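Trainee: I should like to learn how charged pairs and nonpolar cores are read from a set of coordinates. Could we work through one case together?

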Amino acid sequence: MAFSPSCNLFSTYKMTNQSPLLSLEFDPKRLDERLRQEIPALHGTMHLERITGGQSNPTFFVSYDNRRMVLRKKPPGQLLPSAHAVDREYRILAALAKTDVPVPPVIAFVGDAAVVGTPFYVMGRVEGRVFADPSLPGVSPEDRTSMFMSMADTLVGLHSVDWKAIGLSDFGQPEAYYPRQLERWSRQWKLSRTRDLPEIEQLIDWLASRLPANAMTSISHGDFRIGNLMFHPTQPRVVAVLDWELSTLGHPLADLAFSALAWHLDTNQYMGMKDRDLSLIGVPPESAYLARYYQQLPMAGRLEPFHYAFALFRLAVIFEGIAARSLSGSAVTAEPSTSAGLSEAFARIAVGFTLDR
């Protein structure tokens, strides 16, 4: 994966006799040896670049003279159950390679924690642009509109995949998606909470009383947003969907609601752009983005307040977990106070969707 300037790269390690420029939690020589076993005919010196910008699985560019790859690994330290499932990432990427969904090609999975301290996998490095800012800075207004429509088209493509035909029948339970997810994230809240947050308890009760029936089961990405899409280097189209660790079988509206949060959050709230003049810069209104999706996949249903409230509830729990890991020293980045503040903000906005509804 080639990242745009909106994603920061820092610290490089080169396999030489000199002191490493990159501080690592593992021995790069051991990684180099294992990669040469897994991938025949690697030539030259291994180079590592740590990629920043994410709060979850540590990610690195791994380059040889004749091969450019990306490595993703579980973070070190005590982790919540079922979190950071790089094995599931590898599996779904391998399965989706048989479809039209754009994903990076996987190369190898290594479950042996002795190599880099935790399980990891490597995939091919795709050339393109990744934007941390959902308003897509540096892009023309015309291309912005096309890129959001490509985002909707890509999500339709994912939700249209015959998951049974590509060997994912056991990738998750096809029934009762929202009840299971509410139970899971309520449990994660209890395990990761760093303080009392009455809004979370209020949301758990409200969501539990309004659980929708499954109208359709699809592959659910779990974190579908602009920041996890790679766009063509020059054209306004998606060339790869990234970061699949939360993927499962679920309700397609869960992904759609999560992707639409950009229109409901401010620019200082992780994935928002609500406080920008969107029409001036060519970002389509949320209604146009949703219409593009609905027209192609009407059987998925329509978004309701429940879907937005649940998406924000889950995001609040995720950021509370990041705050907890930051306090323990195992988070990739972020100050505990920043993550905790975002968790509270997301919970408060979620409660707004529950009022008078």
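**Salt bridges and cores**

Mentor: In this predicted model, a salt bridge joins the side chains of E25 and R50, with N and O 3.3 Å apart. E25 sits in the loop between strand 1 (9-14) and helix 1 (28-38) and R50 in strand 2 (residues 47-51), so this pair ties together parts that lie 25 residues apart in sequence.

Trainee: Is E25 buried, exposed or partly exposed, and which of these is R50?

Mentor: The general idea is to compare the relative accessible area with a cut-off: under 20% a residue is called buried. E25, with a relative accessible area of 35%, is partly exposed. R50 has a relative accessibility of 13% and therefore counts as buried.

Trainee: With which further residue does E25 form a salt bridge?

Mentor: The partner is K73, and the closest N and O atoms of this pair are 3.4 Å apart. Here too distant parts of the chain are linked: K73 belongs to strand 4 (residues 67-73), E25 to the loop between strand 1 and helix 1, and 48 residues separate them. K73 has a relative accessibility of 1%, so K73 counts as buried. Taken together, E25, R50 and K73 are linked in a network of salt bridges.

Trainee: How many salt bridges does the count come to?

Mentor: The count comes to 16 salt bridges. One of them joins the side chains of D223 and R225, at 3.1 Å from N to O.

Trainee: Are D223 and R225 buried or exposed?

Mentor: D223 and R225 are both buried.

Trainee: Let us turn to the nonpolar side chains. How many residues has the largest nonpolar core, and which have the most contacts inside it?

Mentor: One reads such a core as a set of buried nonpolar residues joined through their side-chain atoms. The largest here has 91 residues, and L96, I219, Y289 and F313 have the most contacts inside it. Helix 9 (residues 305-328) gives the most to this core, namely 12 residues.

Trainee: Which residues are in contact with I219, leaving aside its neighbours within four places in sequence?

Mentor: Among them are I92, L96, L158, W163, L168, W244 and L249. The contacts of I219 also include H159, T248 and D255. Apart from the largest core lies another, of 19 residues, including L35, M46, V62 and V122.

Methods:
Residues numbered from 1 in each chain as written. Predicted model: local features only at pLDDT ≥ 70, side-chain atom pairs only at ≥ 80, totals over all residues. Heavy atoms only, no water. Salt bridge = Lys/Arg side-chain N within 4 Å of Asp/Glu carboxyl O. Helix = DSSP H or I, 4+ residues; strand = E, 2+ residues; numbered from the N terminus. Buried < 20%, exposed > 50% of the residue type's maximum accessible area, 1.4 Å probe, protein only. Core = buried A, V, L, I, M, F, W, Y, C linked by side-chain atoms within 4.5 Å. Contact = heavy atoms within 4.5 Å.
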